[in-house]
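Visitor: I'd like a walk through this one, question by question. Can you take me round?

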Amino acid sequence: MIALSDIEQLIATVLMSAYIKGERPLSLVLCSRVEAGKSRIVMRFASNPGIELIGDMTAWGIAKHLGRKIQDGKIRHLICPEFSIATSHKHETVAALDAFLCGLIEEGVGKIISAPYKQVEVTAPYGCGVILCISKQDLEKKRTHWFQVGLMSRLIPVSYSYSAATVTKIMHYIKAREYRDEQGIKLEFPVVPQEVDLPSYIANKIEATLVPIVLKVNDPKGELLESDKLYGFRWQRHLQRLAMANTLLAGRDIVTIEDYEQLAHLTEYMNVNGTRVI
């Protein structure tokens, strides 16, 4: 796809994070204008093992139909190319999904005892990562609520916009029907999660230089209430895991300064504002 190699790298890194020993998989929300290619790019990863592609989701549906596979490690990431469909259900259903995703992504989900889930008998905590695609307009409607319930801080926000030159290239690409030659993106996952060493000096560099950047760009106008602002703890974990996953993608087990530099470059996309023009 035209001009989206950095986005492909970010998605691949998030998917590889599921194979870092002792760490939870990362999750990502991909946000841009309608027609920007969000769904097409994530669907290119769908044939990799451990990934479940779903067109719609509810808390009940995930728990009932996918819970055991997630618990058994057969599903490590859910990919939803059109998350706007999941947000179009009635308010109670969407609110339940938001809360469910918070647990699924971070703490894991144990036995579900609410009335709608009474038939679900998976009792051991289980969880996985998610990759969600949503339009900029729909995310604007959800963003404040997601901050308040803690979902936004569990997701790495990724956005981008196209320059006039890139729009022209994409139009030529479409007119020539070159999209017919697009193929899936295959990743080489380890058989079992791997130990990855994160040197303290790199963890310190992430804290000192990258965490302040992503905190600022995700509230550029200071619009968040003081109670909704983040300390940066989750961002530190997110960025460390991204660096470690990048190491695994490169076939290494020790994070290097090159991984940090790659991470620093990719942070340009880690906001919901579409400020990175490609």
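What follows is a chat about the sheet, the aromatic pairs, the pocket and the cavities of a predicted model.

Visitor: Let's start with the sheet. In which order do its five strands lie?
Guide: The five strands make an open sheet, and the pairing is parallel. Neighbouring strands are turned by 20 degrees against each other on average, direction ignored. Reading across, the order is S2-S3-S4-S1-S5.

Visitor: Which are the edge strands?
Guide: An edge strand here is one that pairs on one side only. That description fits residues 51–53 and residues 156–159, that is, strand S2 and strand S5.

Visitor: How many bridges join S3 to S4?
Guide: Strand S3 covers residues 77–80 and strand S4 covers residues 129–135, and the two run parallel. Cys80 stands opposite Leu132 in S4. The number of bridges joining S3 to S4 is four.

Visitor: And on the S2 side, which residue stands opposite Ile51?
Guide: S2 and S3 also pair in the parallel sense, over three bridges. The partner of Ile51 sits in S3, and it is His77.

Visitor: Which residues of S3 point the other way from His77 and Ile79?
Guide: In a regular strand the side chains alternate between the two faces of the sheet. S3 has His77 and Ile79 pointing one way, and both are buried. Pointing the other way, and buried as well, are Leu78 and Cys80.

Visitor: On to the aromatics. Is the pair of Phe83 and Trp146 stacked, edge-to-face or tilted?
Guide: The search of the whole structure finds four aromatic pairs, and this is one of them. The ring centres of Phe83 and Trp146 are 6.0 Å apart, with 55 degrees between the planes. Stacked needs planes under 30 degrees apart and edge-to-face needs over 60. An angle of 55 degrees meets neither cut-off, so the pair of Phe83 and Trp146 is tilted.

Visitor: How many residues apart are those two in the chain?
Guide: Phe83 belongs to helix H4 (residues 83–86), while Trp146 belongs to helix H6 (residues 136–149). The pair links distant parts of the chain, and the separation is 63 residues.

Visitor: Is Trp146 buried or exposed?
Guide: Buried means under 20% relative accessible area. Its partner Phe83 comes in at 1% and counts as buried. Trp146 has a relative accessible area of 0%, so Trp146 is buried.

Visitor: What about Tyr231 and Phe233: how far apart are their ring centres?
Guide: Tyr231 is exposed because its relative accessibility is 72%, and Phe233 is exposed at 56%. Their rings form a stacked pair, with 15 degrees between the planes. Centre to centre, the distance is 5.3 Å.

Visitor: Now the largest pocket. Which helix gives the most to its lining?
Guide: The largest pocket has a volume of about 760 Å³. It is lined by 27 residues, with Val34, Glu35, Ala36, Gly37 and Tyr162 nearest its centre. Helix H2 (38–43), S4 and helix H7 (164–175) each supply at least two lining residues. The biggest share is five residues, and it comes from H7.

Visitor: How many residues of that lining are nonpolar?
Guide: The lining of the largest pocket includes five polar and six charged residues. The nonpolar ones number 16.

Visitor: How far is Ser161 from Ile278 in space?
Guide: Ser161 is found in the loop between S5 and H7 and is partly exposed, with a relative accessible area of 23%. In sequence, Ser161 and Ile278 are 117 residues apart. In space, C-alpha to C-alpha, the distance is 6.3 Å.

Visitor: Last stop, the cavities. Which helix gives the most to the lining of the largest cavity?
Guide: The search finds two cavities of 30 Å³ or more, and the largest has a volume of about 40 Å³. Helix H1 (5–16), helix H9 (233–249) and helix H10 (257–266) each supply at least two residues of its lining. With four residues, the top contributor is H10.

Visitor: And what is the volume of the second largest cavity?
Guide: Its lining includes Ile51 and His77, the two that stand opposite each other across S2 and S3. By class, that lining has six nonpolar, two polar and one charged. The volume of the second largest cavity is about 30 Å³.

Definitions and conventions. Residues numbered from 1 in each chain as written. Predicted model: local features only at pLDDT ≥ 70, side-chain atom pairs only at ≥ 80, totals over all residues. Heavy atoms only, no water. Phe/Tyr/Trp six-rings, centres within 6.5 Å; stacked < 30°, edge-to-face > 60°. Buried < 20%, exposed > 50% of the residue type's maximum accessible area, 1.4 Å probe, protein only. Pairing = 2+ DSSP bridges. Axes fitted to C-alpha atoms, helices over the stretch in contact; angles between N-to-C directions. 1 Å grid on protein atoms, 1.4 Å probe; cavity = no way out; pocket = protein on both sides within 12 Å on 5 of 7 lines; lining within 4 Å. Points joined across faces, edges and corners; volume = space filled by probe spheres on them. Nonpolar A, V, L, I, M, F, W, Y, C, P; charged D, E, K, R; others polar.
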